[in-house]
Amino acid sequence: MASSALGGLLVIRRCCIALLVGANAVLVALLVAAPGSAHAASVFYSVRWDLDRNVRYYFDPPVPDAFRPEINDGFDTWSDLVDGHAPNFNPGGEEQLSDPFGCEGTTGIFYRNLANDDYGNALAVTTGCADYTQSNLIKFKMVFDSHPSLGPGIDWYVGDGNVPDNRWDLQSIATHEAGHAAGSYGGGHHGHFLGATLCSGSDRQTLCVGSADSVGTKYLRTLEEHDLHTLEDAYETSCPPLCKAAPH
Ligand SMILES: [Zn+2]
Ligand SMILES: [Zn+2]
């Protein structure tokens, strides 16, 4: 994760899900000892949206039309949880966006060749922007890779059905990234869960670190126990003093 001040006002936090087809097994093996139970909101959601926020996002024109409903599905999965205290994400249509990895301009979704942006192994990158003085999130940028290939035949699957072999499920990756947009950027895991217990099999946590064995699956479309309890802690019990309740 990269953090920096921008104009003295903003903190930039980035997160990506990586393909890491060759290296991921090593990475997971090295980090498998990470505890599965210590998912403090103060670590995973060290910056948060104000309670009860409506967060509108826009699509940069290059985002293919067919991608947009799948990306919206990913956001819908996270929207308005924790009795509505967690952010409610709403698509606002198409708009010319700027600064895909920074905090200038409007919250939105980009479509770029991430290899040309020095994110060669990433399927998507989400950057959160926080108010530097109050540590509350105010916008995000999310970039989907236009060339998600680490070998012949690997591409996006864009749809709601079963995912063919050698395709990355766009809805799954969008759901994962929407969890970062909700505020899961923090800690040494970059907002990711680690370890074989939480991150293997079809019911793995959506916010698990990227793994090559989810290619050809829709494992990440649904939120699981640890995705949910961490979000609940962030936007309910543990929220003060970081979060400010909106007036009712
Ligand atoms: Zn991630
Ligand atoms: Zn947990």
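This is a short dialogue about a predicted model, its zinc sites and its aromatic pairs.

Visitor: What are the ground rules?

Guide: Residues are numbered from 1 along each chain as its sequence is written, and chains are lettered from A and ligands numbered from 1 in the order in which they are written. In this predicted model, local features need pLDDT of at least 70, side-chain atom pairs count only at pLDDT 80 or more, and totals for chains, interfaces and linings use all residues, while side-chain values use heavy atoms, leaving out hydrogens and water.

Visitor: What is the average pLDDT of the protein?

Guide: The average is 80, and 75% of the residues score at least 70. pLDDT is the predictor's confidence in each residue, from 0 to 100. Over residues 1-12 it is below 50. That stretch still has 35 contacts beyond near neighbours in sequence (contact: heavy atoms within 4.5 Å).

Visitor: What makes His176, His180 and His192 donors of the zinc ion (ligand 1)?

Guide: Donors are N, O and S atoms within 2.8 Å of the metal (3.2 Å for Na, K and Ca); water is not among the atoms, so sites may look incomplete. Here the NE2 atoms of His176, His180 and His192 coordinate the zinc ion at 1.9 to 2.0 Å. Their spacing along the chain is H-x3-H-x11-H. His180 sits in helix 4 and His192 in the loop between helix 4 and helix 5, so the pair ties together parts twelve residues apart in sequence. Helices (H or I, at least four residues) and strands (E, at least two) are DSSP runs, numbered from the N terminus.

Visitor: Which atoms are the protein donors of the zinc ion (ligand 2)?

Guide: They are His39 (ND1), His226 (ND1) and His229 (NE2), lying 1.9 to 2.0 Å from the ion. His226 and His229 are both in helix 5, three residues apart, about one turn of the helix.

Visitor: Why is His226 called buried, and what is His229 called?

Guide: Buried means under 20% relative accessible area, exposed over 50%, partly exposed in between (1.4 Å probe, protein chains only). His226 has 12%, so it counts as buried. His229 has 22%, so it is partly exposed.

Visitor: Why is the pair of Phe67 and Trp156 called edge-to-face?

Guide: Rings of Phe, Tyr and Trp (its six-membered ring) pair if their centres lie within 6.5 Å; planes under 30 degrees apart count as stacked, over 60 as edge-to-face and the rest as tilted. The centres of Phe67 and Trp156 are 6.4 Å apart and the planes stand at 80°, so this pair is edge-to-face. Phe67 and Trp156 are both buried.
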